[in-house]
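User: I am new to this structure. Could you walk me through it?
Analyst: Certainly; here it is.

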Amino acid sequence: MRKSTLSRREMLGATMHLAVIGSLPLLLNACTQSKFHCDDVSGLGEDDLALRSALEYRDLSPHGEQKSCSECAFYRAAKKNECGGCTLVRGPIHPLGYCNSWAAKG
Ligand code: SF4
């Protein structure tokens, strides 16, 4: 039987490269989706702006895609790469966004 000539460090490096390559489609998808903004609130009134601000809505969730607007029970999806809506927060809502009222889809 032939003994492997790869050192432990080389094996670990190769494994890390494979992990990075494997996650590229997810990273590219996230980059593509986050390249548009949902921050045009010019049509909103004071109360809607205040609520949006109080709930700390932002276009990019600090918790990752699993806990973003597109995974929230209140999100109303639009076409791909367009801002959606929300039944709680008025105005354009980014699918990768987040606010403090996030609730998992039921
Ligand atoms: S409630 Fe908040 S987290 Fe949920 S869709 Fe609306 S803005 Fe996004």
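**Burial and core**

Analyst: Of the 106 residues in the protein, 17% are buried, meaning that 20 or more other C-beta atoms, placed from the backbone, lie within 10 Å of a residue's own (exposed is 12 or fewer, partly exposed in between). This is a predicted model, in which local features need pLDDT of at least 70 and side-chain atom pairs count only at pLDDT 80 or more, while totals for chains, interfaces and linings use all residues. Residues are numbered from 1 along each chain as its sequence is written.

User: Which residues form the largest nonpolar core?
Analyst: The largest nonpolar core has 10 residues, including Cys 38, Tyr 57, Val 89 and Ile 93. Such a core is a set of buried Ala, Val, Leu, Ile, Met, Phe, Trp, Tyr and Cys residues joined through C-beta atoms within 7 Å.

User: What does Val 89 touch?
Analyst: Not counting residues up to four places away in sequence, Val 89 touches Leu 51, Arg 52, Leu 55, Tyr 57 and Cys 99. Contact requires C-beta atoms, placed from the backbone, within 7 Å.

User: Moving on, why does His 94 count as buried?
Analyst: His 94 counts as buried because it has 24 C-beta neighbours inside 10 Å.

User: And which residues is it in contact with?
Analyst: Leaving aside neighbours within four places in sequence, His 94 is in contact with Cys 38, Asp 59, Cys 69 and Cys 83. The C-alpha atoms of His 94 and Ser 68 are separated by 8.8 Å, and these two residues are 26 residues apart along the chain.

How values were computed:
Two residues are in contact if their C-beta atoms, placed from the backbone, lie within 7 Å.
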